Amino acid sequence: MEEPQSGGSGSVEQLAKSLVRYALSCELARKPIKRQDVNERVLGSHARLFKTVLDQANSELTDVFGMQFAELPRGDKVTARQKRAAAGADSQSRASGMWVLQTTVPAQYRLAPAIGPARRADGAEDDAAAAYVGLYTMVIALVTIGGGRLPEGKLDRALRRMNAEQTTPVGTKDATLALMVRDGYIVKVREAVGGDETVDYMVGPRGKVEVGAEGFAQLIRAMYGDDGDVGDVEGKIKRTLDVAGTTA
């Protein structure tokens, strides 16, 4: 068994620092951190030290950057074909082998005045980034309200009400949804039913981790503000999450 080294380029400390840099670059590009890629690009011949290096890198991420690794859930088996394949498999690993970075900074310190920008960006860049966050959060909320799976037609109607049926601040509607699919916020499910193809949307792995039930609940609370009865709002949130099979 390969033992952790105390110094040199193959030491756990150096490998952990390399993993931290790689993880930050992946997160900036909204790219999942895959175990296979970590083994190939970071660990090399030290792949057996993966768990040790991951734990050390996670500790450094938490202490220095206020982040931690969060493993993405495995994709849901939703189509009949996927369910048959899963039923025929001898065993199903519950681990996805993919991670994203999740903040550990307390909520009261996440306010813009408390953090400030890491670099100055022009207004257009700031607006597009904020618009994208708002759009994918809203789409995830619509899917959740729809019971966890939303037909394409219903999503189109909802976007039409928001004047986003053609274009959005990020780009065209189709390009924006495709970007959300690529980034893992939503999943586009195509399935043939009775000779016709249906297209539905579900919450993707990154959407479950980055937004999730708590992000959905916060959005609904913000929309109701102080106008609604708190108990009634919380009851509606809980019932919606129960139907969608999600817990806050």
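**Exercise 1. Characterise the lining of the second largest pocket by residue class, and locate the elements that supply it.**

Solution. Step 1: the lining of the second largest pocket divides into seven nonpolar, six polar and two charged residues. In this classification Ala, Val, Leu, Ile, Met, Phe, Trp, Tyr, Cys and Pro count as nonpolar, Asp, Glu, Lys and Arg as charged, and the others, Gly among them, as polar. The model is predicted: local features need pLDDT of at least 70 and side-chain atom pairs pLDDT 80 or more, while totals for chains, interfaces and linings use all residues. Residues are numbered from 1 along each chain as its sequence is written, and side-chain values use heavy atoms, with hydrogens and water left out.

Step 2: the volume of this second largest pocket is about 230 Å³. A pocket is found on a 1 Å grid over the protein atoms alone, as an open set of points with protein on both sides within 12 Å along at least five of seven lines; a cavity is a set of points where a 1.4 Å probe fits but cannot get out, and lining residues have an atom within 4 Å of a point. Grid points are joined across faces, edges and corners, and a volume is the space filled by probe spheres set on the points.

Step 3: of the 15 residues that line the second largest pocket, T144, V203, K208, A244 and T246 lie nearest its centre. At least two lining residues come from each of α6, β6, α9 (205-210), α10 and α11; α10 gives the most, with three residues. Helices (H or I, at least four residues) and strands (E, at least two) are DSSP runs, numbered from the N terminus.

**Exercise 2. Describe the largest cavity and its lining.**

Solution. Step 1: the count comes to one cavity of 30 Å³ or more, and about 50 Å³ of space lies in the largest cavity.

Step 2: L135, V139, L159, A164, T168, K173, T176, L177 and M180 line this largest cavity. By class they are six nonpolar, two polar and one charged residues.

Step 3: α6 (123-145) and α8 (173-183) each supply at least two residues of this lining, and α8 gives the most, with four.

**Exercise 3. Establish the strand order of the open sheet and the pairing within it.**

Solution. Step 1: three strands form an open sheet in the order β4-β6-β5, with antiparallel pairing. The edge strands, β4 (150-151) and β5 (186-193), each pair on one side only. Two strands pair if DSSP finds at least two bridges between them.

Step 2: β4 and β6 (residues 196-203) are joined over two bridges, and L150 stands opposite Y201 in β6. β5 and β6 pair over eight bridges, with M202 in β6 as the bridge partner of V187.

Step 3: two residues lie between the strands in the hairpin of β5 and β6, where G194 takes a positive phi near 60°. Across β5 and β6 lies α8, running at about 100° to β5.

**Exercise 4. Identify the strands that pair with β3.**

Solution. Step 1: β1 (residues 33-34) pairs with β3 (residues 98-103) in the antiparallel sense over two bridges; K34 stands opposite M98 in β3.

Step 2: β2 (residues 67-71) also pairs with β3 in the antiparallel sense, over five bridges. The bridge partner of M67 in β3 is T103.

**Exercise 5. Give the packing geometry and contacts of α1 with α3, and of α10 with α11.**

Solution. Step 1: α1 (residues 12-28) and α3 (residues 50-65) pack at about 65°, with their axes 8 Å apart. Axes are lines fitted to C-alpha atoms, for helices over the stretch in contact, and angles run from 0 to 180 degrees between N-to-C directions. The crossing of α1 and α3 is right-handed, a term for a near helix turned clockwise from the far one by less than a right angle, with anticlockwise being left-handed.

Step 2: V12, E13, L15, A16, K17, L19, V20 and L24 in α1 meet T52, V53, L54, Q56, A57, E60, L61 and F65 in α3, where contact means heavy atoms within 4.5 Å. These residues divide into eleven nonpolar, two polar and three charged.

Step 3: α10 (residues 212-224) and α11 (residues 230-244) pack at about 145°, their axes 10 Å apart, in a right-handed crossing. A213, F216, A217, I220, R221 and Y224 in α10 meet V233, E234, K236, I237, T240 and L241 in α11. By class, this contact has eight nonpolar, one polar and three charged residues.
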